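Please open the model in the viewer and keep the sequence panel visible beside it. The tour proceeds by selections, each followed by a description of what is found there.

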Amino acid sequence: MLVSGTGSLLQAILDSQDESYRVDKVVADKSCQGVERAEAAGIASEVVSLGEDRAAWNQALAAAVGQPDVVVSAGFMKILGKEFLDHFADRIINTHPALLPAFPGAHGVRDALAYGVKVTGSTVHYVDAGVDTGPIIAQEPVRVLADDDEASLHERIKVVERQLIVRVLRAAVRDADAAGGITFDC
């Protein structure tokens with residue numbers, strides 16, 4: 001599990017653990033509340049700070065993550081490089097607060113509001129070398145209300161995002177047991 005901030009998505013994933021999946025380790029790019037949440041839950045954690053050498057950081061990050069079945073980017077606000085992506089090919093998933101491919105990047109909610117959409121939502125997708133360009137695993141819509149601002153809409157999207165990632169993780173484990181490998185079918 002990769003985190004960078006408050007860890008609210010991480011907390012939802014931790015709170016929903018059962019026989020379907022377990023979080024083994026949380027890795028962050030900086031000291032943050034997400035790391036504190038992991039430690040409070042008795043989950044191993046590690047901080048791998050970004051240095052001058054981005055390739056070396058990606059390698060150190062991969063070493064810190066270890067060998068999980070799935071790497072979940074849960075509010076991890078750094079772009080992962082080739083060194084990391086190659087190590088975990090087709091096993092990294094991310095959540096995004098928009099219905100991709102619309103509104104990729106760090107400001108999906110703001111961009112959706114500025115465009116004037118009536119429906120946005122949350123997407124879980126594979127991570128590839130682009131920014132929010134990996135294949136989509138699952139999506140859930142969220143209606144934009146007339147009085148929404150960025151904060152209110154984002155909070156409603158986060159509720160959906162937390163439920164969606166848990167469903168995806170549970171489905172991956174169920175499908176892995178049936179097929180002998182990690183797949184996502186939600």
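Begin by selecting Asp 29 in this predicted model, together with the residues it touches. Beyond its neighbours within four places in sequence, Asp 29 is in contact with Val 3, Ser 4, Val 47, Val 48, Ser 49, Leu 50, Trp 57, Phe 76 and Lys 78. Asp 29 itself sits in the loop between E2 and H2. Is Asp 29 buried or exposed? Its relative accessible area is 5%, and because the limit for a buried residue is under 20%, Asp 29 counts as buried. Now display the side chains. That of Asp 29 makes a polar contact with the side chain of Ser 4 at 2.6 Å, and another with the side chain of Lys 78 at 3.0 Å.

Next, select helix H2, residues 33-40. Which residues of H2 are buried? They are Gly 34, Val 35 and Ala 38. These residues cover an arc of only 100 degrees around the axis, so they lie on the same side of H2. The face turned away from that buried side carries the exposed residues Glu 36 and Ala 40. To see what covers the buried residues, add strand E1 (2-3), helix H1 (8-15), strand E2 (25-28) and strand E3 (44-47), which are included in the cover. After H2 comes Gly 42, whose phi is positive, near 75 degrees.

The tour turns now to the nonpolar interior. The largest nonpolar core has 27 residues, and those with the most contacts inside it are Met 1, Val 3, Ile 13, Val 26, Val 72, Ile 93 and Ile 165. At least two residues of this core are supplied by each of H1, E2, H2, strand E6 (119-126), strand E7 (136-143) and helix H6 (150-179). Which element gives the largest share of this core? It is H6, with five residues. A second, separate core of 15 residues includes Leu 2, Val 65, Phe 76 and Leu 85.

Select Met 1 for a view within the larger of these groups. Not counting residues up to four places away in sequence, Met 1 touches Leu 10, Ile 13, Val 23, Lys 25, Val 26, Val 27, Val 72 and Ala 74.

Then move to Thr 95, in strand E5 (residues 92-96). Thr 95 is buried, at 8% relative accessibility. Its side chain makes a polar contact with the side chain of Glu 161 (2.8 Å). Leaving aside neighbours within four places in sequence, the contacts of Thr 95 are Leu 9, Ser 73, Thr 123, Val 124, Glu 161 and Ile 165.

The following stop concerns aromatic rings. The structure holds three aromatic pairs. One of them joins Phe 84 and Phe 88: the pair is tilted, 4.8 Å centre to centre, with 45 degrees between the planes. Phe 84 is buried at 0% relative accessibility, and Phe 88 is likewise buried, with a relative accessible area of 0%.

Finally, clear the selection and view the whole protein. There are six helices and seven strands, following the pattern β-α-β-α-β-α-β-α-β-α-β-β-α along the sequence. Buried residues make up 45% of the 186 residues. A compact globule with 186 residues would have a radius of gyration near 16 Å, and the 16 Å of this protein agrees with that. Along the principal axes, the C-alpha atoms fill a box of roughly 45 × 45 × 30 Å. Among contacts between residues at least 6 apart in sequence, 55% join residues at least 24 apart.

Note on methods. Residues numbered from 1 in each chain as written. Predicted model: local features only at pLDDT ≥ 70, side-chain atom pairs only at ≥ 80, totals over all residues. Heavy atoms only, no water. Buried < 20%, exposed > 50% of the residue type's maximum accessible area, 1.4 Å probe, protein only. Helix = DSSP H or I, 4+ residues; strand = E, 2+ residues; numbered from the N terminus. Arc of directions from axis to C-beta. Contact = heavy atoms within 4.5 Å. Polar contact = N/O pair within 3.5 Å; in protein donor to acceptor, adjacent residues only side chain to side chain. Phe/Tyr/Trp six-rings, centres within 6.5 Å; stacked < 30°, edge-to-face > 60°. Core = buried A, V, L, I, M, F, W, Y, C linked by side-chain atoms within 4.5 Å. Rg over C-alpha atoms; globule rule 2.2 N^0.38 Å.
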